[in-house]
Structure formats: C-alpha cells, structure tokens
Amino acid sequence: MLRLMFPIFFFFLITAIPTLLSCPIHQKQALLHFKSTLTSTITNASSYELLQLKSWNQTSDCCSWERVNCDGTRTVTELHLDVVVFPVPYPNPVPVVFSNILAPIFYIRSLKLLDISGNSLHGDIPGDGFANLTELVHLDTHYNYFSGSIPRQFFRLTNLSYLDMGYNWLEGELGPEFGLLTNLTVLRLSANYFQGQISSHLFKLKSLIFLDLSYNNIEGKLGPELEWSSKNLTSLSLCGNHFKAKGILVAKESLL
C-alpha cells in the first residue's frame, strides 16, 4: 500500500512546488490586467518603457518580472511603475492615461512601495482604491496630472513614511487630516495648487525630516507661533507661496 501511495504523493509534490514558489495567482492576474489595459490604451505600444513589461506573462512567476519585487513569501510588495508610458523617441506626445487604469493595482493589498511617477496620469486620485493599500510605506505619484483634492480615504494610509505628490494639479487646503500620517518622514507636495493656510497638525508630525510645499498658493504668517514638534526636520522648502515671514525663527529661516 505504501509503495502505491508514494508515487501519487511524489506526483502531487512536484506539481505543487511551482505554485508554492510563485506569487499569488490573484496578484499575477491583477498585474496582467493592468498591463493589458495599459497596452490597449497606449497607441505607441512599441515605446522603450513599455517593452520593460515584456517579462509580464502568464507562464512565468510575477516575482521574476521587471519592476516587481516580492518578499520571502513570494508576495508582491513593491511595484516600480515610474515612467511606464514615456514615449520613445522623445519628444513624441505623451498619451493621455486616466487614473482609473490603476484599478487592478488596488487588489494587491500587500504593497509596501508603489511608484507611479512620470506617467501622465489624468483625473482624480482614486480614493477608494488607495484605501485598500493600508500596508503602503512608500508612495510616489509626482510628475502626473492628478487633479482635485486629496480624498479623505487617502489618510487611512497611516503606515506611510515617504509621500511624494509633487508636480500635479492638486488643490484644496492642507487640513488637519495630515496629522493622521504620523509616520511621515518625507512629504513633498510642491508645484501644485494647494491654497489657504497650513494646518497646525502638519507642524506636529514628529517624524518629519523633509517637507517641500514650494510653489503652491499657500498663505498666512510664519512666525514663532508655529512651533515644530519634529526634532528631526532638516529640510523645509516654502518658496513660491504667499507667506508673511516676519518674525520667523532664525533656525527655520535658512530652510526656506
């Protein structure tokens, strides 16, 4: 009986190994869905950057794909999707890609790093989608065309340490919701259309090392009444706004 069972057990073992050593099937399918949607959207599908997605196929493990990193359990944790739709040869016009193309990505809830910078993404930030990525530590969306305000669901990403949303068309005020992102060390919101005054909650982020709010429409007084709780802040850029800096602390003046 044991002799009969061993071949069967061995057969199931060798057929299961590829599955055990591969990324989860639902994550693989989500990435393939993203690629197919992107390919059908982009007219210049022969661009150099899109060729870097050539490794994304049904027959291989998605942990081996370019721009994809996994952890020790073969779960996708990083997507480096910066400048995916960059046209070659430059300066061919960059195709318009709307933010809803990101929908499949939001099914990969294990993501800790997501870089979608430099992709000419248009439209509002998909708040409901980003709300699923609660494990995110690093998020880079700079050099796109995201518009509107930052959705409230976005502030559920309390594990964020690095956040770059610079060079978009974002607007609205920098409200108290930023106080929820207590793990932020780097925050770049430069070259947008944020207006109004800065909420005091932003000045109370104790882990903050780098803050860039330059080239917006922010206003108000900057003076001793704004006491920074962060002892680690080493870089502060506020130029290109409408601040009144009379009486500002000397220690921070050099960082403007």
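Visitor: Where does Ser60 lie?
Guide: In this predicted model, the residue to look for is one that belongs to a loop rather than to a named helix or strand. On one side of that loop is helix H3, residues 48-51, and on the other side is strand E1. Ser60 therefore has its place in the loop between H3 and E1.

Visitor: Is Ser60 buried or exposed?
Guide: The relative accessible area of Ser60 is 19%, and a residue counts as buried when that value is under 20%. Because 19% falls under this cut-off, Ser60 is buried.

Visitor: Which side chains make polar contacts with the side chain of Ser60?
Guide: One polar contact, of 3.0 Å, joins the side chain of Ser60 to that of Asn57. Another, of 2.8 Å, joins the side chain of Ser60 to a tryptophan. The partners are therefore Asn57 and Trp65.

Visitor: Arg67 and Arg74 each have a positive phi although neither is a glycine; where do they lie?
Guide: Most residues other than glycine have a negative phi. Arg67, with a phi of about 75°, has its place in the loop between H3 and E1, and Arg67 is buried, with a relative accessible area of 13%. Arg74, with a phi of about 65°, counts as partly exposed at 28% relative accessibility, and its place is the loop between E1 and strand E2 (76-80).

Visitor: Which strands stand at the edges of the open sheet of 8 strands?
Guide: The sheet has mixed pairing and runs in the order E1-E2-E4-E6-E8-E10-E12-E14. A strand at an edge has a single partner strand, so one side of that strand is left without a neighbour in the sheet. The twist from one strand to the next averages 10°. The two edge strands are E1 (68-70) and E14 (235-237).

Visitor: Which residue of E14 is the bridge partner of Asp212?
Guide: Strand E12, residues 210-212, pairs with E14 in the parallel sense over 3 bridges. In E14, the bridge partner of Asp212 is Ser237.

Visitor: Which strands pair with E9 in the parallel sense?
Guide: Strand E7, residues 145-148, and E9 pair in the parallel sense over 2 bridges, with Gly148 standing opposite Leu170. Strand E9, residues 169-172, is also joined by 2 bridges to a strand that runs parallel to it, and in that strand the bridge partner of Gly172 is Phe194. The strands asked for are E7 and E11.

Visitor: Which residue of E13 stands opposite Gly196?
Guide: Strand E11, residues 193-196, has a covered face that is made of Phe194 and Gly196. Strand E11 is joined by 2 bridges to strand E13, residues 217-221, and the two run parallel. In E13, the residue opposite Gly196 is Ile218.

Visitor: Which residues form the nonpolar patch on the surface?
Guide: Strand E9 has an uncovered face with Trp169 and Glu171, while Leu170 and Gly172 make up its covered face. Trp169 counts as partly exposed, at 43% relative accessibility, and Tyr193 lies on the uncovered face of E11 together with Gln195. The patch has about 320 Å² of accessible area together, and its residues are Tyr145, Trp169 and Tyr193.

Key:
Residues numbered from 1 in each chain as written. Predicted model: local features only at pLDDT ≥ 70, side-chain atom pairs only at ≥ 80, totals over all residues. Heavy atoms only, no water. Pairing = 2+ DSSP bridges. Helix = DSSP H or I, 4+ residues; strand = E, 2+ residues; numbered from the N terminus. Axes fitted to C-alpha atoms, helices over the stretch in contact; angles between N-to-C directions. Buried < 20%, exposed > 50% of the residue type's maximum accessible area, 1.4 Å probe, protein only. Patch = residues over 30% accessible without salt bridge, like charges linked within 9 Å, V, L, I, M, F, W, Y side chains within 5 Å. Areas by Shrake-Rupley, 256 points an atom, 1.4 Å probe, with all protein chains shown as cover. Salt bridge = Lys/Arg side-chain N within 4 Å of Asp/Glu carboxyl O. Polar contact = N/O pair within 3.5 Å; in protein donor to acceptor, adjacent residues only side chain to side chain.
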